[in-house]
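Visitor: Please pick one part of this model and walk me through it slowly. I'd like the cut-offs spelled out as you go.

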Amino acid sequence: LAFSVTGSPVEVRNSPITLPITRRLAFPNVTDLLRHDEARLATFGEYGTHGRRDVDTSPHPIVPLSHTDLRNSFSGYTVKVIIGDPPAIYDLILDGSSAITWVGASAPYVSFSGVNTREPVAVDYLYGSFRGMTYSNIMYFGVRQLLVPRMQIGVASTAWNIAADGVIGIGPTLSGLDTLQNSLDQTIPTITDRLFSLGSITRPAVGIFFQPIVVNTVNHGEITFGGSHPQMHDQTIKYTDITTTVPSSRYWGIDLRVTYGKKNILDYTAGIVDCGCTFIYLATDAYDRYKAATGGIVNEANGLLQISLAEYDALSDLNFHIGEQIYPLIPNAQIWPRSLNEKIEGGANDIFLI
């Protein structure tokens, strides 16, 4: 991946297609954030957890994952779409680990243009879920500027713990397996699939740009179907294959290795990239190497690794080796925003690793 919505129109002059998104800021107890993330890891097949800040998988790597507890997630993002006739506006959560788009959790689904396909559908997000039927209907992005005819969507008859009108799944097509209850081995075309098949975009890709977090500010970003927004990066976007390793291959799974400075802390393996997890997760052995190299000590109040100012000044880049490229996470990007320390039971000058 190159990841209240404003009323900005969708950019449709050329492919790719860019839409504004909204960050849903919520600050539950930081322990709940960690539990949320770790619980999400457990939903990805064999991904288990051990302790508070590591993932006891052998040998799974960094896995920033997706919206598990959609109601309480710290890093949730939504996008507005219009469905049906009469047109109804829905505020949908972006989910990078599922494929189906569905509505009806909050605002009711009322449409004369939809066709019930008689196919029951269900998705579980650990702390949230929905059950319903699939419909074929019209979908619009922006102020009815981009039409997606015959989009297959879910309409909830029951929805639990979903603090939005529904979800728009932007995961790979395979992440939709086990969704159609009468055809568990079949998938539903994602919104990206549909746009590509219609010729609205020239590449079946999704890019997301996140604005940095600022205290007391609702920060936005944007999602781009068909690639990335050229104004949001100053270098050429590189692509890599989805891993063939299960279960990562069902999601945005990639093969990579991780180094801290020049020290190797994780050999090549498969992990998952996603847009909703608050923290970064390493396999247990890699986490222990990172902890030792940084001098971090687990803070008992919030479960995060804490370092001193001198240790921060000595931090090296955390490097992700993906394909032939190296993507460094610089020292400042490895720490929790200090302006938000009070939200995680930290002092104003404390330094916590994420």
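Guide: Here's a tour of one sheet and the helix that lies across it.

A bit of bookkeeping before we dive in. The model is predicted, so local features need pLDDT of at least 70 and side-chain atom pairs count only at pLDDT 80 or more, while totals for chains, interfaces and linings use all residues. Residues are numbered from 1 along each chain as its sequence is written, and side-chain values use heavy atoms, with hydrogens and water left out.

Now the sheet. It's an open one, built from 4 strands in the order β12-β11-β15-β16, with antiparallel pairing. Strands here are DSSP runs of E with at least two residues, helices are runs of H or I with at least four, and both are numbered from the N terminus. Two strands pair if DSSP finds at least two bridges between them. At the edges sit β12 (263-272) and β16 (325-329), each pairing on one side only. Going from one strand to the next, the twist averages 25°.

Let's zoom in on one of those pairings. Strand β11, residues 253-260, and strand β15, residues 318-322, run antiparallel to each other over 4 bridges. If you want a spot to click on, go for Tyr260, whose bridge partner in β15 is Leu318.

Next, the helix. α3, covering residues 284-294, lies across β11, β12 and β15, with contact meaning heavy atoms within 4.5 Å. Its direction is at about 140° to β12; axes are lines fitted to C-alpha atoms, for helices over the stretch in contact, and angles run from 0 to 180 degrees between N-to-C directions.

Which residues of α3 are buried? They're Thr284, Ala286, Tyr287, Tyr290 and Thr294. Seen down the axis of α3, these buried residues fall within an arc of 160°, so they line one face of the helix. Buried means under 20% relative accessible area, against over 50% for exposed and partly exposed in between, using a 1.4 Å probe and protein chains only. The arc is that of the directions from the helix axis to the C-beta atoms. As background, an α-helix has 3.6 residues a turn, so residues three or four places apart point the same way. You can check that idea against Tyr287, Tyr290 and Thr294, which are among the buried set.

Finally, step off the end of the helix. α3 is followed by Gly295, and the phi of Gly295 is positive, near 80°.
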